[in-house]
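I wanted to practise reading a protein model piece by piece, and I kept these notes as I went. The structure I worked from is shown here.

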Amino acid sequence: MTIVIVGAGISGLAIGWHVARAGQRVTILERGQAGRAASWAAAGMLAPRIEAEPGEEAALGLMLESRDRWAEYARALEATSGMDIGYRNEGTLAVALDRDDAERLQFNFQFQCRLGLSVEWLSGRQARAREAHLARGITAAIDSPLDHQVDNRRVVEALANAFRRAGGELIENCQVAAVDSDGGRVRGVHLADGGERRADQVVVAAGAWSRKISGIPTPPPVRPVKGQMAAVQMSHEAPLISRVIWGSDAYLVPRSDGRLLIGATVEEMGFDTQLTAGGMFHLLRAAWETLPGIYDLPLCESWAGLRPGSRDDAPILGPTEIDGLVMATGHHRNGILLAPITGDAIGEYLLTGNIQDAIAPFGPERFERDSTSISGSVEQAPVDHVSAVAAQ
């Protein structure tokens with residue numbers, strides 16, 4: 001069996017690694033550099049609990065299951081690739097800066113408790129006892145010890161390495177123009193340079209660019225959602241914070257090398273990736289209000305990425321009406337979090353034809369039904385969305 005995966009972001013690489021380890025012939029075609037689009041621009045938070053909010057239950061079960069796979073997944077990936085991927089388990093704090101924030105946070109906390117999520121309510125004093133450099137005006141916080149983080153850039157580099165070591169072929173700067181099919185059966189892909197690749201199965205994991213690939217009878221309803229981010233450099237010996245902090249308008253993610261990531265805007269701007277003064281001002285001001293000590297830190301990087309948002313902001317996972325054509329896209333801002341379950345579930349489908357229960361509600365066919373949303377319990381649980389900031 002020959003498999004072609006379109007897209008070498010974290011989803012495509014995770015799927016490729018899974019099937020390559022099983023001895024299949026698999027090629028990943030990437031329009032640019034492997035892992036350098038949304039996966040590179042992300043923050044690497046694995047935080048489905050702290051982000052759970054009313055009305056967003058449909059994908060929560062999927063996210064919780066994937067987060068629970070991450071520790072073992074990280075160990076296996078590090079062992080195979082020989083690379084440290086920066087998995088950290090200090091937990092996550094969501095903090096309130098004023099009375100309105102505290103009321104919103106309390107509402108979310110009660111909702112999270114009803115779902116049975118492992119979260120703890122803290123006073124402002126208790127929050128500062130755990131992170132001493134937080135702003136003195138912080139009035140309350142939620143502590144979520146089971147919401148962790150990983151260095152997403154290291155992860156995609158490690159996945160590319162592991163994939164190649166397993167015998168997979170990774171071709172960069174190779175743009176796919178169309179899916180080739182005949183009589184309802186996939187035959188491969190056509191390339192933008194006029195070439196072609198034959199395959200028994202094709203996986204579209206091209207992120208925000210998935211809809212631009214022609215030859216798919218029902219194109220996936222995926223759009224680019226712009227996110228601007230910045231990073232400042234803390235002291236490596238004495239970092240300002242040791243865990244992820246969610247403020248009302250920005251989140252802060254400490255890295256082991258002393259960098260502190262600040263993110264992220266949520267903008268419907270098509271494929272525009274320009275940084276803007278307004279976007280940077282919004283992020284830096286919000287971060288300073290939460291963690292005043294960043295004021296004198298050097299700004300070391302700023303960037304923007306394009307999250308692949310689906311119509312209901314939940315991932316699109318599974319087979320299409322074309323036999324052998326599979327979707328793995330639309331992860332929005334949960335691509336890093338969902339990498340283990342995406343790789344395992346889509347990989348298993350390619351190898352066996354079985355659809356795991358966890359991804360069954362998220363197939364492409366749901367957009368052909370009358371309902372435009374997924375209903376379900378926490379076990380099936382749309383991807384969470386915060387108006388001011390977004391995680392991935």
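The entries below follow the order in which I looked things up.

**Entry 1: the nonpolar cores**

I reminded myself that this is a predicted model, and then I began with its interior. The largest nonpolar core holds 56 residues, and I noted Trp70, Leu159, Val203 and Ile346 as those with the most contacts inside it. I then looked up which elements supply at least two residues of this core, and found β1 (2-6), α1 (10-21), β2 (25-29), α3 (60-81), α6 (152-165), β19 (325-329) and α8 (339-352). Which helix gives the most to this core? I found that α3 does, with eight residues.

To see what one of the well-connected residues meets, I listed the contacts of Ile346, leaving out residues up to four places away in sequence. Ile346 touches Ile15, Val203, Leu317, Gly318, Val326, Met327, Ala328, Ile341 and Ile359. Apart from the largest core I also found another one, of 25 residues, and Val95, Leu122, Ile245 and Ile294 are among them.

**Entry 2: helix α7**

Next I turned to helix α7, which runs over residues 277-290 and so has 14 residues. From its first C-alpha to its last the helix reaches 20 Å, close to the 20 Å expected at 1.5 Å a residue. I wrote down its buried residues as Gly279, Met280, Leu283, Ala286, Ala287 and Thr290. These buried residues cover an arc of only 145° around the axis, and therefore they sit on the same side of α7. On the other side of α7 I found Ala277 and Phe281, which are exposed.

What do the buried residues of α7 pack against? I found β4 (92-96), β13 (222-233), β14 (244-246), β15 (251-254), β16 (259-263) and β17 (299-310).

**Entry 3: Met229**

I then picked out Met229, which lies in strand β13. Is Met229 buried or exposed? Its relative accessible area is 3%, and because buried means under 20%, Met229 counts as buried. Not counting residues up to four places away in sequence, Met229 touches Ala41, Ala42, Ala43, Tyr251, Leu261, Ile262, Gly263, Ala264, Met280, Leu283, Ser302 and Trp303. Two names in that list, Met280 and Leu283, I had already written down among the buried residues of α7.

**Entry 4: aromatic rings**

I counted five aromatic pairs in the structure. In one of them, the rings of Trp70 and Tyr73 have their centres 5.4 Å apart and their planes at 80°, so the pair is edge-to-face. Trp70 and Tyr73 are three residues apart in helix α3, and so they are separated by about one helical turn. Trp70 counts as buried at 0% relative accessibility, and Tyr73 is buried too, with a relative accessible area of 8%.

Another aromatic pair is formed by Phe109 and Trp121, and this one is tilted, with 5.5 Å centre to centre and 55° between the planes. The pair links Phe109 in helix α4 (residues 99-114) with Trp121 in strand β5 (residues 120-123), 12 residues apart. I checked the exposure of both partners: Phe109 is buried, with a relative accessible area of 13%, whereas Trp121 counts as partly exposed at 28% relative accessibility.

I also noted that Trp17, Trp70 and Tyr73 form one aromatic cluster. Arg21 lies over the face of Trp17, at 3.7 Å from the ring centre. The charged end of Arg153, for its part, sits over the ring of Trp303, 4.9 Å from its centre.

**Entry 5: the backbone**

Last, I looked along the backbone for special angles. Which two residues does a cis peptide bond join? I found Gly263 and Ala264, with omega at about -20°, and I placed Ala264 in the loop between β16 and α7.

I then looked up positive phi values in residues other than glycine. Asp313 has a phi near 65° and is placed in the loop between β17 and β18 (316-319); at 15% relative accessibility, Asp313 counts as buried. His332 has a positive phi of about 50° although it is not a glycine, and His332 is found in the loop between β19 and α8. At 1% relative accessibility, His332 counts as buried.

Definitions and conventions:
Residues are numbered from 1 along each chain as its sequence is written. This is a predicted model: local features need pLDDT of at least 70, side-chain atom pairs count only at pLDDT 80 or more; totals for chains, interfaces and linings use all residues. Side-chain values use heavy atoms; hydrogens and water are left out. A nonpolar core is a set of buried Ala, Val, Leu, Ile, Met, Phe, Trp, Tyr and Cys residues joined through side-chain atoms within 4.5 Å. Buried means under 20% relative accessible area, exposed over 50%, partly exposed in between (1.4 Å probe, protein chains only). Helices (H or I, at least four residues) and strands (E, at least two) are DSSP runs, numbered from the N terminus. Contact means heavy atoms within 4.5 Å. The expected span of a helix is 1.5 Å times one less than its number of residues. The arc is that of the directions from the helix axis to the C-beta atoms. Rings of Phe, Tyr and Trp (its six-membered ring) pair if their centres lie within 6.5 Å; planes under 30 degrees apart count as stacked, over 60 as edge-to-face and the rest as tilted. A charge sits over a ring if NZ of Lys or CZ of Arg is within 6 Å of the ring centre and within 35 degrees of the ring normal.
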